[in-house]
Amino acid sequence: MEKFKKLTGIAAPMPLVNIDTDMIIPKVFLKTIKRSGLGVNLFDEMRYDRDGNEIPDFVLNKPQYREAEILVAGDNFGCGSSREHAPWALQDFGIKAVISTSFADIFFNNCFKNGILPIVLPPEQVEVLMKDAEKGANARMTVDLEAQEITTSDGQVFTFEVDAFKKHCLLNGLDDIGLTMEKSAAIDSFEAQAAQSRPWI
Amino acid sequence: MSPKTLYDKIWDAHVVQQDDDGTCLLYIDRHLVHEVTSPQAFEGLRMSGRTVRAPEKTIAVPDHNVPTTLDRASGVIENEESRIQVEALDKNAREFGVHYYPVNDVRQGIVHIVGPEQGWTLPGMTVVCGDSHTATHGAFGALAHGIGTSEVEHVLATQTLIQKKSKNMKVEITGQLRPGVTAKDITLAVIGATGTAGGTGYVIEYCGEAIRSLSMEGRMTVCNMAIEGGARAGLIAPDETTFSYVKGRPHAPKGAQWEAALAWWKTLYTDEGAHFDKVVTLKGEDIQPVVTWGTSPEDVLPITATVPAPEDFKGGKVDAARRSLEYMGLTPGMKLTDIEIDTVFIGSCTNGRIEDLRAAAAVLKGKKIKDGMRAMVVPGSGLVRAQAEEEGLADIFKEAGFEWRLAGCSMCLAMNPDQLAEGERCASTSNRNFEGRQGYKGRTHLVSPAMAAAAALTGRLTDVRELI
């Protein structure tokens, strides 16, 4: 997994609430057996018309946001299905951080497995960042995971919370399967004990 | 010892290791697998030279992509990408030696219907699947939730998940439901009351007299949509209804093990005085047959209501409601019962069980659907289908004008050929009314099976109480 330390980039504003996983990556693109190549279909039904032409009004089609690396989104981003294709598509497009007042639980976890940092902030702070993002490409935002700080284009700083273990994995690009495999003795002994106490499992 | 919730008890019984910051390694008793979210996980195992740690606790079944038309027996899936995914599952299931129900096995069906039906899902278990509607299994008092593909790979390799505990939320439905009101109406009414983020960060325990009175099928419908309310999982404490459903299922414990299991299962309830971080109470008598009007499952109203206006909402929901109304082609103030529909879908992991088909058939018996209506029933599993045929339900559906399909996820998410065309409007027993969910620019109104049947007869959203 790619490490996430500190990022300065363009933030795209998506104030719509309840942006769901079907919007992020419609099901027609779930038929892949690979993880890569989904970026072109990110937000497909909002981004292209039926003939595949770009819809100019959609934020990521606007010249100033085509290289966005941060999304500032409305409440409850990523609600819906467990499809990891959603963070795969975001990552493939180049989005490395998403900021909202809240995220759906499974999407939130999936982000961390793919080097994307989801950040929860209070509504009034998200509003400030949304306004900052609306300024366009000349307004770069900085997300510093180490310091747990976001700096707006005009120097305003907000701190954010992040789970210590998830932060550690993201900073170091760690694969948690490898970490868990190191605990296999503990899993063995749990299994042996469960075989006694709950043999029907 | 301080009193514990049901969630606390199941959680505690599965912690392999806990770190100082509360991060836990949680043991997983059952891992369900389908073709859409697993290929990359199996490929990951292969690339890192890992294997499936507990194939005997892993159950695979194709459901999302499979055609549901009767010619499926020929074995040909025309869409190449769908075919490749189903074939990949077949290959992976056989190579790694997990339990497997292939497309043409009569036991095949939607993974969340097959698991309980075969007795894989038992009280007190941890159950995961790369599918958000894994919440369904919470109906058994099992801690069950959806995971992403990276976590699918993690569970395949280690039979554990790295987790932090959620908070406890209680949703109590007091009293009894009125006639014509079902489990689907309960679960939609709860989401309508709490919003789609109302459960975020929580595991919900559903309780109260109205929940206790539900069959296992109804309880599964309620827990299935815990995820639409934002919760990690939904739970219902196991009781005699649960035990009698489980007993005798192919993979349920037998003999002395049954007795031992039963003794433990009977301890799985929330202790008197246990702490809940959030409590929501609805009166069963107040719940009416409901429908959704918008493109979020929280857009719920009683069927007797009218379409709302964007100004009826606050904050970001104003713009979202405006967008929903435009997408749905609805005008504020119009009666919900004046909304004309052209398609009816009965099925899905929410409402594809035998009781759902019985409820719909009871409304349809001896009647015909409206001319020009496209209506289909997609049973949740091959066994549900067989039972419905035996009970004569299939004949009622067919005589009414419904298509009688083979099992799969079908038009719930339209990954197979069962889709809405642009502008078509469907009364659907599924779980999500998102934009494009049932087909590009398709319009979805979520309803109970009885309400879907009523809509098929009249050609518009209809209060089923007028027909019973």
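This section describes an open sheet in chain B and the interface between chains B and A in a predicted model.

In chain B, five strands are arranged in an open sheet with the order 17-16-15-18-19, and their pairing is parallel. Strand 17 (403–404) and strand 19 (443–446) of chain B occupy the edges; each has a single partner strand, so one side of each is left without a neighbour in the sheet. Within this sheet, strand 15 (residues 343–347) and strand 16 (residues 374–378) of chain B pair in the parallel sense over five bridges. Thr343(B) lies opposite Arg374(B) of strand 16 in chain B.

The interface with chain A involves 75 residues of chain B, which are in contact with 54 residues of chain A. Together the two chains bury about 5400 Å², with 57% of this area on carbon and sulfur atoms. On the chain B side, the residues that lose the most area to chain A are Gln40(B), Arg53(B) and Tyr440(B), which together account for 12% of what that side buries.

Eight salt bridges are counted between chain B and chain A. In one salt bridge, the side chains of Arg198(A) and Asp29(B) meet at 3.0 Å, N to O. Polar contacts between the two chains amount to 30 residue pairs, both residues being at pLDDT 80 or more. Elements giving two or more residues to the side of chain B that touches chain A include strand 1 (15–18), helix 2 (39–47), helix 5 (149–158) and helix 11 (316–328) of chain B. Helix 5 of chain B gives the most, with seven residues. By class, this side of chain B comprises 28 nonpolar, 27 polar and 20 charged residues.

Technical notes:
Residues numbered from 1 in each chain as written. Chains lettered and ligands numbered in written order. Predicted model: local features only at pLDDT ≥ 70, side-chain atom pairs only at ≥ 80, totals over all residues. Heavy atoms only, no water. Pairing = 2+ DSSP bridges. Helix = DSSP H or I, 4+ residues; strand = E, 2+ residues; numbered from the N terminus. Contact = heavy atoms within 4.5 Å. Buried area = accessible area lost by both parts, 1.4 Å probe. Salt bridge = Lys/Arg side-chain N within 4 Å of Asp/Glu carboxyl O. Polar contact = N/O pair within 3.5 Å; in protein donor to acceptor, adjacent residues only side chain to side chain. Nonpolar A, V, L, I, M, F, W, Y, C, P; charged D, E, K, R; others polar.
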